Each structure stands twice: as structure tokens, then as C-alpha cells.
Amino acid sequence: MSKGTVVLAYSGGLDTSCILVWLKEQGYDVIAYMANIGQQEDFEAAREKAESLGAKKVFIEDLRDEFVEEFIWPTVQASAIYEDRYLLGTSVARPCIARRQIDIARQEGAQYVSHGATGKGNDQIRFELTCYALHPDIKIIAPWRIPEFYTRFRGRTDLMEYAQKHGIPVPVTPRAPWSMDANLMHISYESGILENPKNHAPADLYLMTKNPEDTPTNPDALEIEFKEGVPVKVTNIKDKTSKDTPLDIFSYLNEIGLHDVCLKHIVLFMCVCVCTRICFCLSGIYETPGGTILFQAHLDIEALTMDKEIRRIKQGLSIKFSELLYNGFWYSPECEFVRHCIAKSQEHVEGKVQLTVLKGQVYILGRESPKSLYNEELVSLYFCVNYAKLFRLLINCFDCGDTPVQK
């Protein structure tokens, strides 16, 4: 007799393939769910594999559009960056994936959801907090925290032996000595030789970018147009290529990543238990080409259009938002409130930024905005102004606690 139905977040890799078979051994009916958020994957092959392993149903969901519009764009508005270095590529994907997982669980009447996240990282927290926020009655099966599972599978060798015994297809080529997580936003490389922060990244590791010495010698010149803090159009100034839908804009900016525009080897603090504040450092490589370009361009147009005092408050909100996102609280009341405040701050963040990218760097060339706070007459040495009147205006503003109007 079945113990119930479980929706498994399935990647098609060794771990979740073994988990699928193991869950069936435990007496569950398994629905395999795979999210397409921009990773390079043979989704039909993954479907066939899951079906051959006994999945009751297989869902492969294309979430790329909603991933960009509902998750990546708010992080761009927020200028979200964790510990000054990490653009949150994995963190922002998890609530998107888990939301659809809960939708499928409700649709199929499943009592359980499951994932392959280890017991050491934040991914388990991100998946599970999202699931509980959206479906408080759901039950979660986290195999890597179940003694019967982690005592049976102490490492990759045990998983390989289990796979061979149960007819689970395994890669015929040696596995790279690190783990990877890929989506539209980024690719991360962790574990293995990268666990030591002293170790250099192998030259052939990168997939979304290249080493600086291998990148083009001529810069790409772009113009990015923003409305309410969100990119609405990108144009290549040289060849006039233009993109104006969210997915196309972000995908095109990733293509410009051939110039090695991203953040690379970083060390982060990872929270394992929110309540007891158990943390440890994580070392890894992160490629985020499109996100890095937008981060720089958005900061620039924001400085031109946003009131100084509002921007100061927004910078604090950005830090808080980044922490909440990293720790899995996307669907918490406090994160919803912070996102609302950040969106309010972006009402006048509108205009165009011209930039070039070359050899790992983003160079801002110029910017313009119909809502610019910049007044050339006030700052130019070539225009005569009534400085006494301007000084009295500033003093009056500071006396009453107001911010001087920058126009």
C-alpha cells in the first residue's frame, strides 16, 4: 500500500535519480518535477530517465519568463548583493522553483514534497521555507537529513553502486571535481578542489564567460533603458541589435559575458540553522555576466534620478532584502514589505545608460533621463547663478528638516 504521493524536485542527475528510486523503495508514489530556469539541459532525456525509473508522472515546467520578471527584476531594482560580492543567482531561483513545486503538489493531491539539497547548505532552507509559506500543511521529505538515507549513502561511491544495482544510468565520463548550479542568472561552482579558498580556478572551468586573456579585444557598446528601475530595452550601439522583452534582454546580456563580465572566486557565510545561528564559510566560483552588467547600469541611472535621502534608506533596505533572500525568506511578510518599499523607491528610476564591456569590466560612458535630478546650470562654471539665494534655500531646507530640491 502506498504511503502517499511525493513531488520530487528532480534534476536528472545522480543524486535525485537515486532519491527517486529510494523514495519508491520506501513505498511512495513519486512525481518528478523539473524546472527550466535557463540551465543547459536535455529535458526530454531527463523526462525519459525519470519515467524509466518509475516516476508516476513527470512535469517539466518552463519558468524562464516568470523567473526573470518576478524574481530577477526585483533583485535588479534592489541592487541586491550579499556580503558585497554575491549577486544571489542560486538564492533567487529557489523560491521560483519551489513555488511551482507546491502548485503541482496541490494540483495532484500530493501529501509530500522532496528535494535533493544536502543538510549543510542554505538550499534546504530556501526550498522548505517557501513550501511551508505557500502550503503550511505540506510534509517535506529531505533524504540527506534522514539517518536511513545518509548512513546508507556516505558519498558518491555509494550512490554510484546503488545506481548500478538499480539500473540508473550514470555518466560514462568522469565527473568534474566540483558541483555546479546553473540558471539564467548565473552558474556556481562549489566543493571539491574549490573548497580551499586558496586554490585557483582551473582555466577551463568557465561556461558563461571566459578568462580575460581569451576574451575579445574590442569592447561591446550597449545602451540599456530603464523604467521604474527595470530594464525595458537593450541596444547594441555598434550593430544595432535590440531586445525588448525581459527574457530576451537578460539572455542577450548573458551573451555579452564573453567579455568575462562577472564576479568570480568568493567566500560567503552560509546559515545552516536560522534559530541557532549556526554558520560556516562557503568558497566557490560564481559567473553572473548579465546580472553584473545590470547591477552597474542600474546603480548609475539610480544615482541620476533618485533623491539622496530616499537612496540612503533604500541602500539599507537593499542589504536587508539581500539577507532575507539569501536565507530563504522570499515569501515572508517582512520580505514582501521590503520588496514593496524598494519598488516604491523605483518610481522615478527611468532613463538610458550607455556602457562598454571589455576584459572583465563594465565602463559607464553616459546616461540620460527625463526625470534627472541633475541641473547643469547649478553646477556649471559657465552659468551665473544667484549663489546667495541658493545658499538661503539650502539653509531653509536644513532648518526644517527637508531635503533640498535637486532641480
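The exercises below, each with a worked solution, concern the predicted model shown above.

**Exercise 1. The nonpolar cores**

Determine where the largest nonpolar core lies with respect to domain 1 and domain 2, and describe the surroundings of W73.

Solution. Begin with the membership: the largest nonpolar core has 70 residues, and those with the most contacts inside it are F67, W73, I224, I293, F321 and L355. Next, ask which element supplies the largest share of this core; that is helix 4 (residues 89–108), with 8 residues. Then turn to the domains: because domain 1 (5–175) and domain 2 (183–306 + 348–368) both give residues to this core, it lies between them. For W73, once neighbours within four places in sequence are left aside, the contacts are V68, V230, P231, P246, I249, F250 and L294. Another core, of 26 residues, lies apart from the largest one, and V30, A50, A55 and Y162 are among its members. As background, nonpolar side chains in soluble globular proteins tend to be buried together.

**Exercise 2. The two sides of helix 10**

Work out how the buried and exposed residues are arranged around helix 10, and describe what is found at its ends.

Solution. First consider the length: helix 10 (residues 308–326) has 19 residues and spans 27 Å from its first C-alpha to its last, close to the 27 Å expected at 1.5 Å a residue. Second, list the buried positions, which are K314, L317, S318, F321, S322, L324, L325 and Y326. These residues cover an arc of only 165° around the axis, and they are therefore on the same side of helix 10. Third, look at the face turned away from that buried side, where the exposed residues R312, I313 and I319 are carried. Finally, examine the ends: D307 caps the N-terminal end, with a side-chain oxygen 3.0 Å from the backbone nitrogen of E309, while G328, just after the helix, takes a positive phi of about 90°.

**Exercise 3. The two sides of helix 7**

Carry out the corresponding analysis for helix 7, and name one element that covers its buried residues.

Solution. In helix 7 (residues 156–165), the buried residues include L159, Y162 and A163. Because these three cover an arc of only 100° around the axis, they are on the same side of helix 7. The exposed residues T157, Q164 and K165 are on the other side. Helix 1 (14–25) is included in what covers the buried residues of helix 7. Just after helix 7, G167 takes a positive phi of about 70°.

**Exercise 4. Three individual residues**

Classify D42, S188 and T245 as buried, partly exposed or exposed, and describe the setting of each.

Solution. Start with D42, which lies in the loop between strand 2 (28–36) and helix 2 (43–52). Its relative accessible area is 49%, so D42 is partly exposed. The side chain of D42 reaches the backbone nitrogen of A45 at 3.1 Å; D42 and G12, 30 residues apart in sequence, are 9.2 Å apart in space, C-alpha to C-alpha.

Continue with S188 in strand 7 (residues 187–190). Because its relative accessibility is 3%, S188 counts as buried. Leaving aside neighbours within four places in sequence, S188 is in contact with T90, S179, M180, D181, I285 and Y286.

End with T245, in the loop between strand 10 (242–243) and helix 8 (246–255). A relative accessible area of 32% makes T245 partly exposed. The side chain of T245 makes a polar contact with that of D248 (3.0 Å), and the C-alpha atoms of T245 and P231, 14 residues apart along the chain, are separated by 9.1 Å.

Definitions and conventions
Residues numbered from 1 in each chain as written. Predicted model: local features only at pLDDT ≥ 70, side-chain atom pairs only at ≥ 80, totals over all residues. Heavy atoms only, no water. Core = buried A, V, L, I, M, F, W, Y, C linked by side-chain atoms within 4.5 Å. Buried < 20%, exposed > 50% of the residue type's maximum accessible area, 1.4 Å probe, protein only. Helix = DSSP H or I, 4+ residues; strand = E, 2+ residues; numbered from the N terminus. Domains from an automatic or database assignment. Contact = heavy atoms within 4.5 Å. Expected span 1.5 Å × (residues − 1). Arc of directions from axis to C-beta. Polar contact = N/O pair within 3.5 Å; in protein donor to acceptor, adjacent residues only side chain to side chain.
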